[in-house]
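Biologist: I should like to request a close look at a single part of this model. Please give a connected account of it.

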Amino acid sequence: MDGQHDDRQEARIRAISAQAEEFARRLAGAEPSRLVDAARATVGGLHALVAALRPTGEEFLLAIDFLTEVGHYADSRRQEWVLLADVLGVSSLIEDQNNPRPAGCTPNTLAGPFYRADVPETALGANLSRDGEGEPLAVTGRVLGADGTAVAGAVLEVWHANAEGLYENQQPDRQPEFNLRGRFRTDAQGRFHFVSVKPKGYSLPSDGPVGRLMTALGLGLERPAHIHFRVAAEGFETLTTHVFDRADPAIGRDAIFGVKPELMAEFRALPPNGGKRKHALDLTLVLCPRGQGRPATHGRT
Ligand SMILES: [Fe+2]
């Protein structure tokens with residue numbers, strides 16, 4: 001942030017309220033830092049919000065009670081603060097700001113809470129379904145650079161929910177270890193293929209304060225069916241993304257704002273041939289050259 005920008009921001013904050021003005025005045029002598037920038041901007045934003053909404057004392061206490069309850073729901077197994085940031089679109093905005101991708105490259109998205117880094121590498125063609133539950137899905141694809149050349153030897157990690165919308169690490173006693181997870185390496189033509197089962201969409205936790213807030217607002221907590229990918233290759237920015245089933249009824253209302261047009265794909269139903277229904281998905285994942293997927297401007301560190 002340059003000096004001129006600081007001055008403009010301070011002037012804006014001073015115009016909002018006498019308290020905001022005094023806060024900015026007290027900060028004016030502080031050693032410049034990201035913390036000071038953040039405090040100045042946060043106080044300015046809060047005062048602008050209060051000036052616009054003019055909450056009563058009771059409403060202010062309700063807001064305090066809500067935030068207190070969010071804190072009470074957050075522990076080592078559940079992070080209600082992250083959930084709140086997710087459903088307000090803040091997590092997705094931060095991801096977009098920190099990992100922008102040039103046009104033509106596959107967009108980056110949040111990894112979400114169910115990623116595991118310890119999945120063993122398997123040969124191309126492996127079946128990720130370790131319990132055989134669900135409708136088979138054949139996935140084929142290629143990893144390309146932005147110029148269309150194949151990326152050989154890329155490490156491709158995959159993880160997704162089962163046919164009931166639950167991840168293996170949500171049901172450690174019901175799903176086998178590493179169910180619906182895989183780690184592969186693309187071949188000399190940048191291709192990959194594996195077999196799995198068609199995932200189902202799922203709902204974010206609704207039993208806490210964030211769920212109650214969303215219900216009160218008439219908003220849903222659904223996530224359309226998707227498969228998560230992470231692709232790492234020498235010379236490229238690591239891609240973390242999801243590919244969504246464009247036919248899912250919730251495709252237009254993903255609770256965490258992860259759906260982008262480039263990430264919608266057709267989970268094609270194959271012609272019936274007796275037994276379970278089968279599906280196929282064909283993908284192209286385009287990596288961005290290292291150094292081109294970074295924010296245009298960095299904050300003060
Ligand atoms: Fe997910």
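How do the axes of helix 5 and helix 7 come together, and at what angle do they cross?

Modeller: This is a predicted model, in which local features need pLDDT of at least 70, side-chain atom pairs count only at pLDDT 80 or more, and totals for chains, interfaces and linings use all residues. Residues are numbered from 1 along each chain as its sequence is written. Helix 5 comprises residues 80–87 and helix 7 residues 209–216; their axes come within 9 Å and cross at roughly 25 degrees. Helices here are DSSP runs of H or I with at least four residues, strands are runs of E with at least two, and both are numbered from the N terminus. The axes are lines fitted to C-alpha atoms, for helices over the stretch in contact, with angles from 0 to 180 degrees between N-to-C directions. Helix 5 is therefore roughly parallel to helix 7, a term for angles under 35 degrees.

On the side of helix 5, Glu80, Leu83, Leu84 and Val87 meet Pro209, Val210 and Met214 of helix 7; contact requires C-beta atoms, placed from the backbone, to lie within 7 Å. By class, this contact has six nonpolar residues, one charged residue and no polar residues. Ala, Val, Leu, Ile, Met, Phe, Trp, Tyr, Cys and Pro count as nonpolar, Asp, Glu, Lys and Arg as charged, and the others, Gly among them, as polar.

As for the wider setting, the protein chain is divided into domain 1 (3–54) and domain 2 (90–287), with bounds from an automatic or database domain assignment. Their centres, taken over C-alpha atoms, are separated by 41 Å.

Methods:
Angles under 35 degrees count as roughly parallel, over 145 as roughly antiparallel, 65 to 115 as roughly perpendicular and the rest as oblique. Two residues are in contact if their C-beta atoms, placed from the backbone, lie within 7 Å.
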